[in-house]
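Colleague: I should like a close look at one part of this model, taken through its surroundings. Please begin with the terms of the description.

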Amino acid sequence: MDEKGGGLPPYSATAPPPPAWKRKKMRRSRGLKFLAVACMGFIAYAQWRQLPSRPEPADGNVTVHGLSVQRLHDDLTTCSKLRQKPQDPIGEGRQKNARYIDGHAPTLIRNATVWVGEPAKGTSAADARKGKGYSWIKADVYLEYGLIKKVESDIAASSLPKGTHVFDAKGRPLTAGIIDMHSHAGVDSLPELDGNEDTNELSADITPFVRSIDGIQPNDHQIQVIKSGGVTTSLVLPGSGNNMGGEAYAIKLAVGKPDGRNETSAADMLADPERNWRFMKMACGENAKRVYGRVGEQGPTSRMGESWEFRHAFEQATKLVRDQDDWCDTATAVGVHNMKGYLPQELKWESLGALLRGQIHLNTHCYTIPDLEAFVDHTNEFKFKVRAFHHAHQTYLVPEILKRAYGGDPPASAIFADNMYYKAESYVGSEFAGKYLWDNDLTPIYVSDNPVLNAQHVLFEAAKGYKYGLPYHAALASVTTAPAERLGFGNRLGKIKPGFDADVVVWDSDPLEVGATPVQVWIDGTAQYEHPIVLNKPAPKLILSDESTSTIVEEPVDMNSVVFTGITSVLGDVEIQGENKDAKSYSAVIRNGKVTCVGVCADEVRMASTSKIPVVELKDGHLTGSFTAFGSQIGLNAIDAEDSTDNGDNVNVFTRAEDALTLDTKKLHAAYKYGVTKAITAPKFTDGKTHHGTSVGFLTGATNPLAKGAIFASDVAVHYSLNPDAKEAEGTPSLTAAVGALRRKLLQAATKLKKNETIEPADLYAETTFLQKVVNGSLPLVLTIHNADIIAAALRVKKDVESLTSSKIHLAIYGGAESHLVAKELAAAQVGVVLAPFQSYAATWDQRRALSGAPLTNGTAIDALIDAGVTTAIGLEEDWLVRDLSLLAGIAYANGGGKLSKKSALELVSGNVYKILGAKEPKVKEGHFVVFEGSPLRIQSRVKAVSGGLGVVSVF
């Protein structure tokens, strides 16, 4: 400020005396004006005084600011609720389970082999991590008031209340009920119908305010199917179509009076009726940008946009939380009567605010490194915790990112065992992910994402986790104690201890063994089956944990020649030379990728040793023929959801798979690695589960279609689809039209065949030419059908066409979920069935009468077909299953009641495919074999070598 100029004086300056003119007497005119103004002011004041004043509250119901005192007090009560941090509900110390229904009798389970779910007392944390202190114990288990009351040896029946039910476990394994931490059961009801689809609320990308409980259908039959696999608790999540999907609810799978409940409602199914914890689902990655991204219209269209959507939503919720905290602090300090407004509340952001306050357990669907890293950044920016990343295909690559997550407790990874390649973000993954996570002090949890996988078999995912190197105790924990702890139910679920909820399963075999099936299931102490189907199995042999099985061998070493010793079983089409009944094991000599001797082979082994050929000593070695993948899209597809990596649909055109065969892909590498050296693939109709055109037979280990022997059959079979998708083709708007069109094409081919017309060169590969081969019986016709009625229609078409020719149509059914209903008719018509999926769970309307197996049904489709004499094989409905073929055969063997030998079980995934098609199979003598340690039909088996007819052996 310039003091010498015209600047303002300082505030402390003394006021100068008034100018002379202000000290003079006021003139008359000015006085009158002043008087007038004063009068007007007086009138206005008088009128204001006459207005009714706002009365002071006479009864205290309204404050001076016009606010309801009661509502303000309610708001203040809400403040305490807002600031309450939930605690995990107690287990021990309860006298009664809150879910217990009065009048239910107690139960004593006698003579059980019990997995408690925790190490023995005194075991250090480091030792427990290694599996020390865990064991199976012989005990009785007493259930009362919905709780486990006792776990002791030889509980005296005389010490128990009158009317106690007694169940003899007969030494079978007993565990806590299985917990599936990622399910859409009830909101994505089966069979799939548009009217019952309530998985995603897709009106907006950010919907944290919707709740899965509002869409759960208790009468979804899939809930009963899931429970038949020993699953007692499921976390029902909203879908992953948007970045913030909404609130999730943990339910128990007991529904209505048949299951011991008093009502049929979603509320009655809540695992914790007191609702201590809330749950929420969010999703990163490609789903949201694919669903919502509209360039120039709306987002997100990129992962950058998704991060903004997350941060913006968290910003809104953070503002609400701060405004609420400010109000609560002020109301507490000055009293509610002095507040000028109510507690800020906005239902849209309430649940997200609860997350920021630590009242909600968050589960986030995230696959890739950038998604994981961005979301971990969000947790630190807005100070909230993530309980688990779901799908989480790449978490095993970045353990350090997970350990940076807010709160000091790294999120678990809720994963599949080996389901991958179905979209870009699932393309990078590893079946060994669970093992890698565990070795980095992180928590793997196996989940179903039902109906993506059938949650009835979520325990099979954990079993495969064990197969891929996860320690036994960690694998079993991954579907019991680990999800229980992440849900906040670690004091109530997942263990067999006094004070825990009486959710118990008795199994017919080790729960991690192939084909393990419940004998009985209890939820809150109530048996769920009055007359369960119990499979005919020998006394269970418990798996002995072996540290050698946890070794990861990512890539094999290729050898031209090798000798294997220690072979105890030969299951392939190989003659044992110099067979000695006293020999405990045999050797196998391989030269140039082919078996030259199996048996004692003393001379061959001696010659090999002098030639310095490597010798591999096996522990319980098994030699078998290699397997065949039939019906999948391997060879025509790399990433299912990416058009640029896929052959494409063939709705209105008939094509040949050989013309677009693409080799050297991840899917084919995985197939070969697990003993699937041959594949027969047809062009898809609309998706990978439908077919249209001719299939090609090829070797999965070949690097290109022109390589020697890469294609062993150019046109294996003619394929059509007669499932609901058939209505999408031009000219066939209905199934009747589709069946009629097929009949017409076959009859036209028969007519041409009768006329003996010359085939023009341009028509050598035309649909009509291939159909003539079908009609004359030289080429099989494979129809993709699930529905029993359409299978019957196909049999009629076969009969109609055959009545006009002297030859038989070689018909096969692929799919066959309801084929058991027409098993006798299929056998009479000599029509084989390739089951895909092997264990249907009625996912679609045309599969709704599928058999789910024990304890609900006496067998599955494969049992009915084999009993009827139908040649049956196991196909692949989805490509990722290539790793599991021998295990699927193992399920058929274990649960078949002795109807299958080990050899005939393996034929389900090899020789039977060729028998059904009438095709020639590349066999062991042509260099197609697999060497295992352990039986390929059991979960402990490990592939040690594969040969796929290319002159080399890949040794692991």
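Modeller: Ala, Val, Leu, Ile, Met, Phe, Trp, Tyr, Cys and Pro count as nonpolar, Asp, Glu, Lys and Arg as charged, and the others, including Gly, as polar. The model is predicted: local features need pLDDT of at least 70 and side-chain atom pairs 80 or more, while totals for chains, interfaces and linings use all residues. Numbering starts from 1 along each chain as its sequence is written, and side-chain values use heavy atoms, without hydrogens and water.

By class, six nonpolar, five polar and one charged residues form the lining of the largest cavity. A cavity is a set of points on a 1 Å grid over the protein atoms alone where a 1.4 Å probe fits but cannot get out; lining residues have an atom within 4 Å of a point. The lining consists of H391, A392, H393, I415, F416, A417, D418, N419, M420, G429, S430 and A433. The space enclosed is about 70 Å³, a volume being that filled by probe spheres set on points joined across faces, edges and corners. In total, nine cavities of 30 Å³ or more are present.

Elsewhere, eight strands (DSSP E runs of at least two residues, numbered from the N terminus) form an open sheet of mixed pairing, ordered 17-35-34-33-21-18-19-20. Pairing requires at least two DSSP bridges. Strand 17 (557–559) and strand 20 (594–599) are the edges, each pairing on one side only. Within the sheet, strand 33 (residues 928–933) and strand 34 (residues 942–948) are antiparallel over six bridges, with F929 opposite S947 of strand 34.

How values were computed: On a 1 Å grid over the protein atoms alone, a cavity is a set of points where a 1.4 Å probe fits but cannot get out, and a pocket is an open set with protein on both sides within 12 Å along at least five of seven lines; lining residues have an atom within 4 Å of a point. Helices (H or I, at least four residues) and strands (E, at least two) are DSSP runs, numbered from the N terminus.
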